[in-house]
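Trainee: Please take me through this model one question at a time. Start with any term I need.

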Amino acid sequence: SRAQAGDAPIRSTDNDAAVARLSAVQKQYLEDPFIKYLVPRAHLQPPRPPLINIGTYVRSSAIDVLVDQWLELSAVSGQRCQIVSLGSGSDTRFWRIAARRAGPLKQHMQTYVEIDFPEITTKKAMAIRKRKDLMAGLGDPNGVLLAQGGTALHSPQYYLLPGDLRQPPSELLEPMLFSPRENGRAAILDPSLPTLLLFECVLVYMSPSSSSRLLEWFVQIHKRARTGALGCIVYEMFGLNDAFGRVMINNLRERQIYLPGAEPYPTSESLLDRFLKTGFSAARALTLKEIRKSYIPSEELERTSKLEFLDETEELDLVLAHYAISWGLLLGNSDMNATWGQ
Ligand code: SAM
């Protein structure tokens with residue numbers, strides 16, 4: 001394995017994200033009956049500060065809107081779509097979709113794939129097998145198999161797969177996702193179907209050249225197949241070359257977390273450039289501050305503003321302005337996804 005000795009602090013960010021999500025759920029910003037199963041000693045975790053809860057809420061709701069739109073557009077067009085979450089950590093999105101969309105919409109999701117370091121996928125696979133509520137989302141338990149020494153889990157619709165995303169995609173992802181399998185079964189992903197990639201707080205831990213290579217590679221695969229659209233959602237910190245950014249970067253460095261992907265992306269425009277330079281045909285970006293101000297429905301803003309007392313609204317705006325969701329789209333032959341993310 002090419003795992004690098006310094007990766008443990010990067011993997012530890014998964015627990016931060018999961019604990020933040022759990023806290024936002026406990027404080028009733030978000031609904032998620034599954035996250036408690038993926039946080040060790042969930043009942044002992046102290047809540048996070050209001051600022052973190054609000055950030056988690058805004059990010060999670062906004063990404064939900066984009067993912068739901070993708071599923072709905074695919075359903076309307078009668079196509080089965082695929083979702084690939086890279087650096088998926090303890091994310092519960094698959095189970096939330098499976099629970100909410102037990103009806104026809106869920107039927108339009110052909111495959112949902114999650115990829116993370118083997119240490120993370122092994123823990124997640126064990127948690128899934130242990131919890132009835134998580135197993136229930138995967139359908140018939142006889143169709144759920146551990147693979148690759150317990151680092152992977154396969155089921156008819158959901159796959160959890162181990163890997164280091166900094167490896168060249170032709171070595172890691174090509175054989176893992178797009179090659180026929182040993183048991184004679186088809187490849188896990190079909191490049192001709194509409195496919196949505198999710199990178200939630202992941203690319204910032206990789207060098208810009210590794211992340212561009214990854215995006216370019218997915219674009220090439222989809223261009224070759226030419227039918228389904230390719231969508232990509234990225235969530236990350238950005239604009240870190242100001243005073244706030246220096247504080248953030250220093251805090252992370254103290255934990256030995258380095259952000260090779262943070263430095264060359266100082267503005268919203270460069271978040272868009274990353275998509276356009278890697279072959280996507282359209283891109284948009286919004287900061288969490290903008291999303292909270294203009295896209296969260298007013299009833300929701302009112303509801304969440306009553307959940308906790310927040311005295312630092314200026315600080316909140318400053319923090320939210322340093323996180324962005326950006327998304328890119330490459331249309332296939334069918335233009336059903338053309339209105340996605342508008
Ligand atoms: N996407 C999840 C979420 O939003 O809850 C987890 C976010 S967590 C901050 C970052 C995740 O990316 C961790 O689980 C970490 O292990 C994973 N990650 C970072 N670099 C990676 C790499 N090179 N290969 C695979 N996974 C990686």
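Mentor: A polar contact is a pair of N or O atoms within 3.5 Å; within protein, one must be able to donate a hydrogen and the other to accept it, and residues adjacent in sequence count only if both atoms are side-chain atoms. The model is predicted: local features need pLDDT of at least 70 and side-chain atom pairs pLDDT 80 or more, while totals for chains, interfaces and linings use all residues. Numbering runs from 1 along each chain as its sequence is written, and side-chain values use heavy atoms, without hydrogens or water.

Trainee: How far is an oxygen atom of the ligand from an N or O atom in the side chain of aspartate 116?
Mentor: Begin with the shell, meaning residues with a heavy atom within 4 Å of the ligand. There are 19 of them, and Asp116 is one of the closest, together with Arg59, Gly87, Asp164 and Leu165. The distance from the ligand oxygen to the side chain of aspartate 116 is 2.6 Å.

Trainee: Which residue offers a polar backbone atom 2.9 Å from a nitrogen atom of the ligand?
Mentor: Separate side chain from backbone. In aspartate 164, a side-chain N or O atom lies 2.9 Å from a ligand nitrogen. The backbone partner of a ligand nitrogen is leucine 165.

Trainee: How much of the ligand's area does the protein bury?
Mentor: Areas come from the Shrake-Rupley method with a 1.4 Å probe; for residues, only the protein chains shown count as cover. Taken alone, the ligand exposes 600 Å². The buried share is 96%.

Trainee: Which element gives the most residues to the shell around the ligand?
Mentor: The shell holds seven nonpolar, five polar and seven charged residues. Here Ala, Val, Leu, Ile, Met, Phe, Trp, Tyr, Cys and Pro are nonpolar, Asp, Glu, Lys and Arg are charged, and the others, including Gly, are polar. Elements are DSSP runs numbered from the N terminus: helices (H or I, at least four residues) and strands (E, at least two). The top contributor, with five residues, spans 8-26 and is helix H1.

Trainee: Which side chain makes a polar contact with the side chain of glutamate 200?
Mentor: Glutamate 200 sits in strand E6 (residues 195-200). Its relative accessibility is 17%, so it counts as buried (under 20%; exposed is over 50%, partly exposed in between, 1.4 Å probe, protein chains only). Its contacts (heavy atoms within 4.5 Å) beyond four places in sequence include Ile63, Leu86, Asp91 and Tyr235. The polar partner, at 3.2 Å, is arginine 59.

Trainee: Is serine 60 buried or exposed?
Mentor: Serine 60 belongs to helix H2. Leaving aside neighbours within four places, it contacts Arg21, Leu30, Arg93 and Arg96. Its relative accessibility is 3%, so serine 60 is buried.

Trainee: What is the phi of arginine 41?
Mentor: Most residues other than glycine have a negative phi. Arginine 41 has a positive one, in the loop between H1 and helix H2 (50-76). The residue is exposed, with a relative accessible area of 57%. Its phi is near 50°.

Trainee: Which residue between strand E3 (145-147) and strand E4 (152-154) is placed in that loop, with a positive phi of about 45°?
Mentor: The residue is not a glycine, yet its phi is positive. The loop between E3 and E4 holds glutamine 148.

Trainee: Which element gives the most to the largest nonpolar core?
Mentor: A nonpolar core joins buried Ala, Val, Leu, Ile, Met, Phe, Trp, Tyr and Cys residues through side-chain atoms within 4.5 Å. The largest has 74 residues, with Ile233, Leu259 and Ile325 touching the most other members. Eleven of its residues come from H2.

Trainee: How many residues are in the second, separate core?
Mentor: This core includes Leu86, Tyr159, Leu172 and Phe178. Its count is 33.

Trainee: How far apart are the C-alpha atoms of valine 113 and tyrosine 159?
Mentor: Valine 113 lies in strand E2 (residues 109-116). Its relative accessible area is 0%, so valine 113 is buried. It touches Tyr159, along with others including Ile83, Leu161 and Ile188. The two residues are 46 apart along the chain, but their C-alpha separation is 4.7 Å.
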